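User: I'm new to protein structures, and I'd like a close look at the sheet and the rings and charges around it. Could you walk me through that part?

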Amino acid sequence: MRYTVSLRVFHSHLAPSEIEAALGMEAAGAQTAGELWRTPKGRETGTIARQTVVRFALPDADSQPLEAYIADRLAALLPRRTQIRKLVEDGAGIEFFVGVFLDGSAGLTIGAPLSARLGDLGIDLTLDMYSK
């Protein structure tokens, strides 16, 4: 099993630059509410984005177990705790988006302590599973 993780933020009206400033990170990709939706390759879809979506690339996992990797990334965000909570209070959805690539069957556990720390900041954990 291998995985990739990104941090995504969704908001009804904030500009991507406001979200970047709040998190102190540079976005790898963004869509702005009210503008034409573009594919990751830049092709316009003809659809208007209903919300701002900002994606932040995160470092490679280096074969670290997923739970440990998420814990490390969460720890890196803790200096921005106040800004993250403000975004959430203002209606933002924030998630670690995890693409899990399976060769067969596998299981993974995100323990209660890490789940509680994610919940304390209002950050969701989304798992998107792919099998060969």
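Analyst: Happy to help; we will start with the sheet and then turn to the side chains. This is a predicted model, where local features need pLDDT of at least 70 and side-chain atom pairs count only at pLDDT 80 or more, while totals for chains, interfaces and linings use all residues. Residues are numbered from 1 along each chain as its sequence is written, and side-chain values use heavy atoms, leaving out hydrogens and water.

The open sheet has 5 strands, ordered β2-β5-β1-β6-β7, with mixed pairing. Strands here are DSSP runs (E, at least two residues), numbered from the N terminus, and two of them pair if DSSP finds at least two bridges between them. At the edges stand β2 (29-31) and β7 (123-131); each has a single partner strand, so one side of each lacks a neighbour in the sheet. Further in, β1 (residues 2-11) and β5 (residues 52-57) run antiparallel and are joined by 6 bridges. One bridge pairs Leu-7 with Phe-56 in β5.

Now the rings: the structure holds 2 aromatic pairs (Phe, Tyr or the six-membered ring of Trp, with centres within 6.5 Å; planes under 30 degrees apart count as stacked, over 60 as edge-to-face, the rest as tilted). Phe-101 and Tyr-130 are stacked, because their ring centres are 5.0 Å apart and their planes lie at 15°. Since Phe-101 belongs to β6 (residues 93-102) and Tyr-130 to β7, the pair ties together parts 29 residues apart in sequence.

Finally, Arg-8 lies over the face of Phe-97, 4.0 Å from the ring centre (the cut-offs are CZ of Arg or NZ of Lys within 6 Å of the centre and within 35 degrees of the ring normal).

Conventions:
Helix = DSSP H or I, 4+ residues; strand = E, 2+ residues; numbered from the N terminus.
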